[in-house]
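Student: I would like to learn how to read a structure. Could you take me through one, feature by feature?
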Amino acid sequence: MNALTDKFGRKHSYLRISLTERCNLRCTYCMPEQGVPVSPRAKLMTPDEVFQIAKHFVDLGVTKIRLTGGEPLVRKDFGMILEKLTALDVELSITSNAVIVDRYIDQLKAAGIKTINISLDSLHPAKFKTITRRDNFEQVKRNIDLLVQEGFNVKLNCVLIKGFNHNEIIDFIAYGRENPITVRFIEFMPFDGNKWNKEKLVSHKQILDQVHSRWSETCVERIADSANDTSKNYRIKHFKGTFAIISTVTNPFCDSCNRIRLTANGRIKNCLFSSSEVDLLTTFRNGGEISPLIAQAIQAKASMRGGMVSDESFSDPKNYSQNRSMIAIGG
Ligand code: SAM
Ligand code: SF4
Ligand code: SF4
């Protein structure tokens with residue numbers, strides 16, 4: 001059996017590589033207030049190590065690589081990493097907070113990147129500051145407009161938190177009236193130190209109820225999801241943009257999961273919610289063979305949410321508090 005096929009028959013063709021545990025924002029849902037301990041630079045993959053390890057995955061069957069973090073663009077050698085990865089026969093993409101993305105437009109184009117995922121959780125500067133603990137709203141908004149003008153396919157990731165931004169759902173969708181963007185409403189997920197609680201989730205039904213209170217049922221079109229898509233996709237008639245709902249906690253897409261994650265310090269994480277990791281970088285640096293380790297991590301993958309099969313698992317923080325904060329996983 002192929003090293004990337006797990007015991008449930010899922011083929012893992014999508015690799016998300018975190019380039020750094022650092023970030024120029026401090027989103028409350030992603031990292032604890034006191035920050036997270038970061039790996040010393042020597043423990044992080046160098047540009048060549050990112051390339052060589054990614055190449056192993058591509059040789060085994062990975063067809064898509066997303067660069068993430070932390071904020072991938074704060075790495076000074078981001079351009080070098082990107083350029084190296086263009087030598088691989090894969091679709092490249094990136095997830096960024098857009099604060100400094102304007103500096104990389106030409107390099108992103110040269111790497112053939114067509115789609116960029118950008119985090120934006122509020123359309124109000126003051127709320128943006130509350131959630132990110134930084135004052136970069138105008139810069140981010142300008143950069144999103146710039147990406148659209150430059151022809152990138154922009155997907156906005158919006159983590160919905162009840163009592164904070166659930167009243168902005170309509171405004172976010174209306175942002176797509178004239179803008180060809182996709183707004184993706186993402187369920188707030190629990191991680192170490194992010195004060196998660198189930199009451200803060202905004203369900204798929206609650207989102208659609210809000211949508212229908214503004215637009216009639218005939219105006220809201222369900223559009224086809226692509227293979228392995230984690231979202232349910234919709235369009236308001238005549239809008240240039242679309243919107244999507246991603247219910248990772250209440251309705252995960254584990255049956256068709258094709259994702260694996262590589263942390264900035266070279267560890268493979270077989271599921272967003274799994275707290276076990278397999279260290280590839282140490283073996284790679286010692287000249288060892290990493291393909292068996294990749295196969296081992298894939299074989300150890302649980303059927304669902306790192307083993308949290310029932311929704312009740314989320315009632316006990318012990319089940320997820322051992323997991324890294326999202327900033328150190330690479331969302
Ligand atoms: N810094 C980049 C950014 O914010 O887009 C890339 C890394 S960030 C960890 C990747 C994605 O994870 C973001 O879209 C962010 O909204 C999402 N994320 C972080 N913490 C989350 C949480 N607790 N629940 C749901 N999504 C989360
Ligand atoms: Fe940084 Fe992205 Fe996490 Fe926000 S979500 S703190 S931008 S890594
Ligand atoms: Fe895949 Fe884990 Fe997410 Fe399920 S929870 S879709 S198994 S990464």
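Student: Which residues surround ligand 3?

Tutor: Keep in mind that this is a predicted model. The residues around ligand 3 are F253, C254, C257, R261, C271, L272, F273, K301 and R305. Sorted by class, that shell holds six nonpolar and three charged residues, with no polar ones.

Student: How many disulfides does a search of the whole structure find?

Tutor: The general idea comes first. A disulfide is a covalent bond that joins the sulfur atoms of two cysteines. Here the search of the whole structure returns zero.

Student: Is C257 buried or exposed?

Tutor: C257 has a relative accessible area of 17%. Buried means under 20%, so C257 is buried. Try C219 next: its relative accessible area is 25%, and it counts as partly exposed.

Student: Let us turn to empty space. How many cavities of 30 Å³ or more are there?

Tutor: A probe the size of a water molecule, rolled over the atoms, shows where space is left empty. In this model the count is two cavities of 30 Å³ or more. The second largest cavity holds about 40 Å³ of space.

Student: Which residues line the second largest cavity?

Tutor: Its lining is made of L160, F185, I186, E187, V202, S203, H204, I207, I245, I246 and S247. By class, seven of these lining residues are nonpolar, three are polar and one is charged.

Student: Which elements each supply at least two residues of that lining?

Tutor: They are β6 (182-187), α7 (204-214) and β9 (242-246). The largest share, three residues, comes from β6.

Student: Now the pockets. Which residues are closest to the centre of the largest pocket?

Tutor: Start with volume: the largest pocket contains about 520 Å³ of space. It is lined by 24 residues, and K64, K155, R184, S226 and D229 are the closest to its centre. Six elements appear in this list of those giving two or more residues to the lining: β1 (14-18), β2 (64-68), β3, β4 (115-119), β5 (153-160) and β6. By class, the lining has 12 polar, nine charged and three nonpolar residues.

Student: What is the volume of the second largest pocket?

Tutor: About 360 Å³. There are 16 residues in the lining of the second largest pocket, and T20, R22, R41, L44 and R75 lie nearest its centre. That lining has seven charged, six nonpolar and three polar residues.

Student: Last topic: rings. How many aromatic pairs are there?

Tutor: Two values describe a pair of aromatic rings: the distance of the centres and the angle of the planes. The count here is six aromatic pairs. One of them is F78 with Y104, an edge-to-face pair at 5.3 Å centre to centre, with 85 degrees between the planes.

Student: Where do F78 and Y104 lie?

Tutor: F78 is in helix α2 (residues 78-85), and Y104 is in the loop between β3 (91-96) and α3 (105-110). The pair therefore ties together parts that are 26 residues apart in sequence. Both F78 and Y104 are buried.

Student: What angle lies between the planes of F172 and F185?

Tutor: The angle is 85 degrees, so by the over 60 cut-off F172 and F185 are edge-to-face; their centres are 6.4 Å apart. F172 lies in helix α6 (residues 169-175) and F185 in strand β6, so this pair links parts 13 residues apart in sequence. F172 is buried at 0% relative accessible area, and F185 is buried at 1%.

Student: Which residues do ring pairs link into a cluster?

Tutor: F172, F185, Y234 and F243. You have already met F185 elsewhere: it is one of the residues lining the second largest cavity.

Methods
Residues are numbered from 1 along each chain as its sequence is written. Chains are lettered from A and ligands numbered from 1 in the order in which they are written. This is a predicted model: local features need pLDDT of at least 70, side-chain atom pairs count only at pLDDT 80 or more; totals for chains, interfaces and linings use all residues. Side-chain values use heavy atoms; hydrogens and water are left out. A residue is near a molecule or strand if one of its heavy atoms lies within 4 Å of it. Ala, Val, Leu, Ile, Met, Phe, Trp, Tyr, Cys and Pro count as nonpolar, Asp, Glu, Lys and Arg as charged, and the others, Gly among them, as polar. On a 1 Å grid over the protein atoms alone, a cavity is a set of points where a 1.4 Å probe fits but cannot get out, and a pocket is an open set with protein on both sides within 12 Å along at least five of seven lines; lining residues have an atom within 4 Å of a point. Grid points are joined across faces, edges and corners, and a volume is the space filled by probe spheres set on the points. Helices (H or I, at least four residues) and strands (E, at least two) are DSSP runs, numbered from the N terminus. A disulfide is a pair of cysteine sulfur atoms within 2.5 Å. Buried means under 20% relative accessible area, exposed over 50%, partly exposed in between (1.4 Å probe, protein chains only). Rings of Phe, Tyr and Trp (its six-membered ring) pair if their centres lie within 6.5 Å; planes under 30 degrees apart count as stacked, over 60 as edge-to-face and the rest as tilted.
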